[in-house]
Amino acid sequence: MWELIVPHKTLVIVHALYVLDLPGAAQTAWVDGALVAATVTAWVLCRGWLTWRRPPTVGP
């Protein structure tokens with residue numbers, strides 16, 4: 001999920017900056033920017049890159 005959230009929120013920020021003249025766009029960009037920062041921080045602290053590893057196989 002980490003790898004899906006970051007690009008999605010980044011694209012939301014880009015879109016909000018594109019339509020910056022609309023009400024709430026600046027707030028959306030700030031909030032989603034904070035969410036990207038929090039998600040990346042959590043990914044690093046939880047060692048999210050390890051979720052792609054296969055579990056060790058237990059053979060007979």
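The turns below go through helix α2, its contacts and the chain ends in a predicted model.

Me: What distance separates the end C-alpha atoms of helix α2?
Reply: Helix α2 covers residues 25-45, which is 21 residues. At 1.5 Å a residue the expected span is 30 Å, and the model agrees with that expectation. The end C-alpha atoms of α2 are apart by 30 Å.

Me: How wide is the arc that the buried residues of α2 cover around the axis?
Reply: The buried residues in α2 are A25, A29, D32, V36 and T39. Their arc is narrow enough to put them on the same side of α2. An α-helix has 3.6 residues a turn, so residues three or four places apart point the same way. The arc around the axis is only 95°.

Me: Which exposed residues sit on the face of α2 turned away from its buried side?
Reply: The buried side of α2 holds A25, A29, D32, V36 and T39. The face turned away from that side carries exposed residues. They are Q27, W30 and L45.

Me: Against which element do the buried residues of α2 pack?
Reply: One of these residues is T39, buried at a relative accessible area of 14%. Leaving out residues up to four places away in sequence, T39 touches W2, I5 and V6. The element that the buried residues of α2 pack against spans residues 2-18 and is α1.

Me: Which two residues form the salt bridge of the structure?
Reply: The structure holds one salt bridge. One partner lies in helix α1 and the other in helix α2, so the pair ties together parts that are 23 residues apart in sequence. The N to O distance is 3.2 Å, and the side chains that meet are those of K9 and D32.

Me: Is D32 buried or exposed, and at what relative accessible area?
Reply: D32 has its place in helix α2. Beyond its neighbours within four places in sequence, D32 is in contact with K9, V12 and I13. Its salt-bridge partner K9 counts as partly exposed at 21% relative accessibility. D32, in turn, falls under the 20% cut-off for buried, and its relative accessible area is 6%.

Me: Which residues does W43 touch, not counting residues up to four places away in sequence?
Reply: W43 is found in helix α2 and counts as partly exposed at 28% relative accessibility. W43 and E3 are 40 residues apart in sequence, yet their C-alpha atoms are 9.2 Å apart in space. E3 is one of the residues that W43 touches. The full set is W2, E3, G48 and W49.

Me: How many Å separate the C-alpha atoms of V40 and A26?
Reply: V40 has its place in helix α2, and at 35% relative accessibility V40 counts as partly exposed. V40 and A26 are 14 residues apart along the chain. Their C-alpha atoms are separated by 21 Å.

Me: Which residue just after α2 takes a positive phi?
Reply: Helix α2 covers residues 25-45, and the residue in question comes just after this helix. The phi is about 50°. The residue is R47.

Me: How far apart in space are T51 and W2, C-alpha to C-alpha?
Reply: T51 is found in the segment after α2. At 54% relative accessibility T51 counts as exposed. In sequence, T51 and W2 are 49 residues apart. In space, C-alpha to C-alpha, the two are apart by 9.7 Å.

Me: Which residues make the nonpolar surface patch of about 340 Å²?
Reply: One member, M1, has its place in the segment before α1. M1 is exposed, with a relative accessible area of 68%, and a patch residue needs over 30%. The nonpolar patch is made by M1, L4 and I5.

Conventions:
Residues are numbered from 1 along each chain as its sequence is written. This is a predicted model: local features need pLDDT of at least 70, side-chain atom pairs count only at pLDDT 80 or more; totals for chains, interfaces and linings use all residues. Side-chain values use heavy atoms; hydrogens and water are left out. Helices (H or I, at least four residues) and strands (E, at least two) are DSSP runs, numbered from the N terminus. The expected span of a helix is 1.5 Å times one less than its number of residues. Buried means under 20% relative accessible area, exposed over 50%, partly exposed in between (1.4 Å probe, protein chains only). The arc is that of the directions from the helix axis to the C-beta atoms. Contact means heavy atoms within 4.5 Å. Patches are made of residues with over 30% relative accessible area and no salt bridge: like charges are joined within 9 Å, nonpolar side chains (Val, Leu, Ile, Met, Phe, Trp, Tyr) within 5 Å. Accessible areas come from the Shrake-Rupley method with a 1.4 Å probe; for residues, only the protein chains shown count as cover. A salt bridge is a side-chain nitrogen of Lys or Arg within 4 Å of a carboxyl oxygen of Asp or Glu.
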